[in-house]
Amino acid sequence: MAEFSIDGRMKVKTLKKQFKEAFGATLRVYKGNQFADEDATLASIRVGDAKGGELKCAGNLKVGNFENKMKELFGVKVQVANKDDNALANNDITIAAAGK
């Protein structure tokens with residue numbers, strides 16, 4: 001099963017690319033209500049008092065849990081969309097299932 005690590009030094013475009021390669025689903029990354037700059041690091045778009053650290057991202061993680069962990073650890077709002085990026089994934093399915 002695909003898996004990768006995320007940390008605050010990672011750029012938005014790298015995160016989105018690795019997420020797509022690992023799971024087939026599309027990741028939308030936001031700064032406020034706008035899409036985040038592709039060249040920004042996760043730490044630079046952080047909102048609030050995020051803990052920071054590292055998140056191991058595996059395909060069996062539920063979409064809703066992944067989105068919450070990204071907000072909690074990095075202070076970054078993300079949403080998982082299907083592989084064609086034309087609909088958001090259901091929060092109760094796994095991120096691997098979202099890319100199918």
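**Fold, core and contacts of the predicted model**

Buried residues account for 43% of the 100 residues in the protein. The model is a predicted one, and everything below should be read with that in mind.

Starting with the overall layout, there are three helices and five strands, and going along the sequence they come in the pattern β-α-β-β-β-α-β-α. The radius of gyration is 12 Å, close to the 13 Å that the globule rule gives for 100 residues, so the protein is as compact as a globular protein of that length. Taken along the principal axes, the box filled by the C-alpha atoms is roughly 30 × 25 × 20 Å. The accessible surface adds up to about 5500 Å², and carbon and sulfur atoms own 46% of that. As for how the chain comes back on itself, 66% of the contacts with a separation of 6 or more are between residues 24 or more positions apart.

Now the sheet. Three strands make an open sheet in the order E3-E2-E5, and the pairing is antiparallel. Strand E3 (34–35) and E5 sit at the edges with a single partner strand each, so one side of each has no neighbour in the sheet. Between E2 and E3, the antiparallel pairing runs over two bridges. Lys31 takes part here, with Gln34 in E3 as its bridge partner.

On to the inside of the protein. The largest nonpolar core contains 28 residues, and Ile6, Phe19, Phe66 and Val80 are the ones with the most contacts inside it. At least two residues of this core come from each of strand E1 (3–7), H1, strand E2 (26–31), strand E4 (54–58), helix H2 (63–74), strand E5 (77–81) and helix H3 (95–98). H2 gives the largest share, five residues. Val80 shows how many parts of the chain can meet around one side chain's residue: leaving out neighbours within four places in sequence, Val80 is in contact with Phe19, Ala25, Thr26, Leu27, Val63, Phe66, Glu67, Leu88, Ala89, Ile95 and Ala98.

The two ends of a long stretch of chain also come together at Gly99, which belongs to the segment after H3. The C-alpha atoms of Gly99 and Gly24 are separated by 4.2 Å, although the two residues are 75 apart along the chain. Residues up to four places away aside, Gly99 touches Phe23, Gly24, Ala25 and Lys83. With a relative accessibility of 12%, below the 20% cut-off, Gly99 counts as buried.

Finally, the charged pairs. Side chains of opposite charge can pair when their charged atoms come close. The structure has six salt bridges. In one of them, the side chains of Arg9 and Asp7 meet at 3.2 Å, N to O. The two partners sit in contrasting surroundings: Arg9 counts as exposed because its relative accessibility is 68%, whereas Asp7, with a relative accessible area of 18%, is buried. Another salt bridge joins Glu21 to Lys17, and here the closest N and O atoms are 3.2 Å apart. Both residues belong to helix H1 (residues 12–23) and are four residues apart, about one turn of the helix. Glu21 and Lys17 are both exposed. A further salt bridge links Glu54 with Lys56, the closest N and O atoms being 3.8 Å apart.

Technical notes
Residues numbered from 1 in each chain as written. Predicted model: local features only at pLDDT ≥ 70, side-chain atom pairs only at ≥ 80, totals over all residues. Heavy atoms only, no water. Salt bridge = Lys/Arg side-chain N within 4 Å of Asp/Glu carboxyl O. Buried < 20%, exposed > 50% of the residue type's maximum accessible area, 1.4 Å probe, protein only. Core = buried A, V, L, I, M, F, W, Y, C linked by side-chain atoms within 4.5 Å. Contact = heavy atoms within 4.5 Å. Rg over C-alpha atoms; globule rule 2.2 N^0.38 Å. Areas by Shrake-Rupley, 256 points an atom, 1.4 Å probe, with all protein chains shown as cover. Pairing = 2+ DSSP bridges.
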